[in-house]
Amino acid sequence: MTTAELLTKFANPDIIQTLSTSDKLYAGLATTILGMGITFSALVILQFIMSIMDKLLNKKQKQAEPAQQEPVIAKPTAIAAPAQDDTELVAVITATIAMKLKTSVGNIVIKNIEKTDDTSPAWNRAGIIDQMNNRL
């Protein structure tokens, strides 16, 4: 009996009782291997699709690094900060810019931090506050 015939008989619950023990074991093993093979193949295909999408969508991020790193001068950023503790604020901003630009903190010079007015609409601010309050 071929594997296809055995699996056809294995699909019918009434015929399963008439099969010998070795046929049942062989059909169960064939079913297991077939199911695992299909699952593994689908996962491999999904992995290739995701890697292709990653390459297509992240082209801009993978730019060539400059051969010689020059100090990066950060433009004034729009951050509302208290005037009392500027050193901690400068350290945080510098670390954030360095991480985003993938460079060291020593290559970044922040000359000026200016407070700007918030021009976002009230519904936008309310939504942000609501999200922040609901995180915990």
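**Exercise 1. Place Thr103 in this predicted model, then find its side-chain partner.**

Solution.
Step 1: Thr103 sits in the loop between H4 and E2.
Step 2: Its relative accessible area is 18%. The cut-off for buried is under 20%. Thr103 is therefore buried.
Step 3: Look for a polar partner. The side chain of Thr103 makes a polar contact with the side chain of Asn107, at 3.0 Å.

**Exercise 2. Classify Lys102 as buried or exposed, and describe its phi.**

Solution.
Step 1: Locate the residue. Lys102 belongs to the loop that runs between helix H4 (86–101) and strand E2 (108–110).
Step 2: Lys102 has 56% relative accessibility, so it counts as exposed.
Step 3: Turn to the backbone. Phi of Lys102 is near 55 degrees, a positive value in a residue other than glycine.
Step 4: Set this against the general rule. Most residues other than glycine have a negative phi.

**Exercise 3. List the residues of the largest nonpolar core and name the element that gives the most to it.**

Solution.
Step 1: The largest nonpolar core has 5 residues: Leu89, Ile93, Ile97, Ala98 and Ile108.
Step 2: H4 contributes the most, with 4 residues.

**Exercise 4. Find the salt bridge and state how accessible each partner is.**

Solution.
Step 1: The structure holds 1 salt bridge.
Step 2: Arg125 pairs with Asp118. Their closest N and O atoms are 3.8 Å apart. The limit is within 4 Å, so this pair qualifies.
Step 3: Arg125 has a relative accessible area of 34%, so it is partly exposed.
Step 4: Asp118, at 51% relative accessibility, counts as exposed.
Step 5: Recall the principle. Side chains of opposite charge can pair when their charged atoms come close.

**Exercise 5. Describe the nonpolar surface patch that includes Leu57.**

Solution.
Step 1: The members are Leu43, Ile45, Leu46, Ile49, Ile52, Met53, Leu56 and Leu57.
Step 2: Together they have about 810 Å² of accessible area.
Step 3: Take Leu57 as one of them. Leu57 lies in helix H3 (residues 21–57).
Step 4: Leu57 counts as exposed because its relative accessibility is 66%.

**Exercise 6. Decide where the protein chain is modelled with the highest and the lowest confidence.**

Solution.
Step 1: Start with the whole chain. Mean pLDDT is 81, and 80% of the residues reach 70 or more.
Step 2: Confidence is highest in H3, at 92.
Step 3: Strand E1 (residues 72–74) is lowest, at a mean of 60.
Step 4: Apply the caution. Where pLDDT is low, the predicted coordinates should not be read in detail.

Notes:
Residues are numbered from 1 along each chain as its sequence is written. Side-chain values use heavy atoms; hydrogens and water are left out. Patches are made of residues with over 30% relative accessible area and no salt bridge: like charges are joined within 9 Å, nonpolar side chains (Val, Leu, Ile, Met, Phe, Trp, Tyr) within 5 Å. Accessible areas come from the Shrake-Rupley method with a 1.4 Å probe; for residues, only the protein chains shown count as cover. A salt bridge is a side-chain nitrogen of Lys or Arg within 4 Å of a carboxyl oxygen of Asp or Glu. Helices (H or I, at least four residues) and strands (E, at least two) are DSSP runs, numbered from the N terminus. Buried means under 20% relative accessible area, exposed over 50%, partly exposed in between (1.4 Å probe, protein chains only). A polar contact is a pair of N or O atoms within 3.5 Å; within protein, one must be able to donate a hydrogen and the other to accept it, and residues adjacent in sequence count only if both atoms are side-chain atoms. A nonpolar core is a set of buried Ala, Val, Leu, Ile, Met, Phe, Trp, Tyr and Cys residues joined through side-chain atoms within 4.5 Å. pLDDT is the predictor's confidence in each residue, from 0 to 100.
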